[in-house]
Amino acid sequence: MYQSELKHMREQMEKTVEHFKNETASLRTGRASPALVEGITVEYYGQTMPLVQVASISCPSSQMLVIQPWDKNALEPIQKAILQSPLGIMPIVDKDIIRLTLPSLTEERRAGLIKLLDQKVEEARISIRQERENTIRKVQKMKEEGTLREDDFFKAKEDIQKIVDEFNNDKIKALRDKKEKEILTV
């Protein structure tokens, strides 16, 4: 009876984990990755779109990204978008491509990235807690309406907490630890 609510909660939590993965992919690690710039928004012909939709992004070395726009007229808007992004990298325009050379991360910058990572972890956990509270409210309402027995209500609460623990401890913590290792790797 309450299983449909648990299924819905699990789906929402999966979306939260997916969003967390996408958010942390853009955090800069010790090596270049197209994920660093894919989400940068470019103002192009009056529309705002992600960089990945207006150019191909390649990684010829561990410290360099090469951006090749589909249209040469997009060079200037892409350069402008990169300059305005929080990356802090100076784009180098070379004929019809843009090169981004990533400087080595300092110890101070690594510590700052880990703080930012922890903020993103907390945002994901807050989202999971909110989903838990919503599901508990729905199950509580079922109990009050008489469609759920009291025994099942307490069983549902246990099941809800098991799912929350699984997402917080297994999925989000594992992703956080993996990303921290990438950031700290020199």
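Start by selecting Arg-176 and Asp-177: these two form a salt bridge, with their closest N and O atoms 3.7 Å apart. As you look, keep in mind that this is a predicted model. Colour the pair by accessibility and you will find Arg-176 buried, with a relative accessible area of 14%. Asp-177, at 33% relative accessibility, counts as partly exposed.

**Following the charges**

Keep Asp-177 selected and add Lys-173. Here is a salt bridge between Asp-177 and Lys-173, with 3.0 Å between the closest N and O atoms. How far apart are Asp-177 and Lys-173 in helix α5? They are four residues apart in this helix, which covers residues 150-184, and that separates them by about one helical turn. Lys-173 is partly exposed, its relative accessible area being 39%.

Now widen the selection to take in Asp-118 and Glu-180. Together with Lys-173, Arg-176 and Asp-177, these residues are linked in a network of salt bridges.

For another stop of this kind, select Glu-122 and Arg-129. A salt bridge joins Glu-122 to Arg-129, and the closest N and O atoms are 3.0 Å apart. Are these partners buried, partly exposed or exposed? Glu-122 counts as partly exposed at 34% relative accessibility, and Arg-129 counts as partly exposed at 32%. How many salt bridges does the structure hold? The count is 14.

**Stepping back**

Clear the selection, switch to a cartoon view and look at the protein chain. It has five helices and six strands. Reading along the sequence, you will meet them in the pattern α-α-β-β-β-β-α-β-β-α-α. The radius of gyration of the chain is 22 Å, well over the 16 Å that the globule rule gives for 186 residues, so the chain is more spread out than a compact globule. Turn the model along its principal axes: the C-alpha atoms fill a box of roughly 70 × 40 × 20 Å.

Colouring the whole chain by accessibility shows that buried residues make up 37% of the 186 residues. Contacts tell you about the fold too: among those between residues at least 6 apart in sequence, 65% join residues at least 24 apart.

**A hairpin and a covered helix**

Select residues 55-61 and 64-69. These are strands β3 and β4, which pair in the antiparallel sense over five bridges. With two residues between them, β3 and β4 form a hairpin. To see how the strands line up, label Ser-56, which stands opposite Gln-68 in β4. While the side chains are on display, remember that in a regular strand they alternate between the two faces of the sheet.

Next, add helix α3, residues 75-84. Which residues of α3 are buried? They are Leu-75, Pro-77, Ile-78, Ala-81 and Ile-82. Now show what lies over them: the cover includes β3 and β4 from the hairpin, along with β1 (41-44), β5 (92-94) and β6 (97-101).

**Rings to visit**

Finish with the aromatic side chains. The structure holds two aromatic pairs. For one of them, select Tyr-44 and Tyr-45, a tilted pair at 4.6 Å centre to centre with 55° between the planes. Tyr-44 counts as buried at 13% relative accessibility, whereas Tyr-45 counts as exposed at 62%.

Then move to Phe-153 and Phe-154. This aromatic pair is edge-to-face, with 5.3 Å centre to centre and 70° between the planes. Phe-153 is buried, its relative accessible area being 4%, while Phe-154 counts as partly exposed at 44%.

Stay with Phe-153 and bring up Lys-143. What does Lys-143 lie over? It lies over the face of Phe-153, at 4.6 Å from the ring centre. For a last look, select Lys-171 and Phe-167: here Lys-171 lies over the face of Phe-167, at 4.5 Å from the ring centre.

Terms used. Residues numbered from 1 in each chain as written. Predicted model: local features only at pLDDT ≥ 70, side-chain atom pairs only at ≥ 80, totals over all residues. Heavy atoms only, no water. Salt bridge = Lys/Arg side-chain N within 4 Å of Asp/Glu carboxyl O. Buried < 20%, exposed > 50% of the residue type's maximum accessible area, 1.4 Å probe, protein only. Pairing = 2+ DSSP bridges. Phe/Tyr/Trp six-rings, centres within 6.5 Å; stacked < 30°, edge-to-face > 60°. Lys NZ or Arg CZ within 6 Å of the ring centre and 35° of its normal. Rg over C-alpha atoms; globule rule 2.2 N^0.38 Å. Contact = heavy atoms within 4.5 Å.
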